[in-house]
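Got the viewer open? Keep the selection tool handy, and we'll take things one stop at a time.

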Amino acid sequence: MVAALFTGASPAAADETVCGHVVRGAIPAKYQETGGLGRSPLGCPTTPELTTPGGQGAYTHVQGGSIY
């Protein structure tokens, strides 16, 4: 199963490195909500934070899907 989790915009948050990839803003918080490193069914991030094609958001691909 591939999942896409969406998170609302948040104030600037500290960068976090997860499995060697830097994730920012609300993405690390959503990742932690799913269980975090070692417990999340999403697995490790496979990309750093990327900007959406329209430039209006960000996302990170993870082993089991994506967090937008």
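**Stop one: Leu50**

Start by selecting Leu50, which is partly exposed, with a relative accessible area of 29%. Keep in mind as you click around that this is a predicted model. Leu50 sits in strand β4.

Now bring up the surroundings of Leu50. Leaving aside residues up to four places away in sequence, Leu50 touches Gly57, Ala58, Tyr59 and His61. Pick the C-alpha atoms of Leu50 and His61 and check the distance: they are 8.7 Å apart in space, with 11 residues of separation in sequence.

**Stop two: across to β5**

Next, select residues 58-62, which make up strand β5. Which residue in β5 is the bridge partner of Leu50? It's Tyr59, which also turned up in the list of residues that Leu50 touches. Zoom out a little and you'll see β4 and β5 pairing in the antiparallel sense, over two bridges.

Follow the chain around the hairpin of β4 and β5, which has six residues between the strands. Stop at Gly55 there and look at the backbone: Gly55 takes a positive phi near 75°.

**Stop three: on to β6**

Go back to His61, one of the residues touched by Leu50. What is its bridge partner in β6? Select Ser66 and you have it. Strand β6 covers residues 65-67 and runs antiparallel to β5, with three bridges joining the two. β5 and β6 form a hairpin as well, this one with two residues between them.

**Stop four: the disulfide**

Now for the sulfurs. Show Cys19 and Cys44 as sticks: a disulfide joins them, with an S to S distance of 2.0 Å. The count for the model comes to one disulfide, so there's no need to hunt for another, given that the cut-off for a sulfur pair is within 2.5 Å.

Where do the two cysteines sit? Cys19 is in the loop between β2 (16-18) and β3 (21-23), while Cys44 is in the loop between α1 (27-33) and β4 (50-51), so the pair ties together parts that are 25 residues apart in sequence. That second loop leads you back to β4, the strand where Leu50 is found.

Turn the view to look along the S-S bond of Cys19 and Cys44. The torsion there is about -50°, so the disulfide is left-handed.

Last, switch on the surface. Are these cysteines buried or exposed? Cys19 is partly exposed, at a relative accessible area of 31%, and Cys44 is partly exposed too, at 23%.

How values were computed:
Residues are numbered from 1 along each chain as its sequence is written. This is a predicted model: local features need pLDDT of at least 70, side-chain atom pairs count only at pLDDT 80 or more; totals for chains, interfaces and linings use all residues. Side-chain values use heavy atoms; hydrogens and water are left out. Helices (H or I, at least four residues) and strands (E, at least two) are DSSP runs, numbered from the N terminus. Buried means under 20% relative accessible area, exposed over 50%, partly exposed in between (1.4 Å probe, protein chains only). Contact means heavy atoms within 4.5 Å. Two strands pair if DSSP finds at least two bridges between them.
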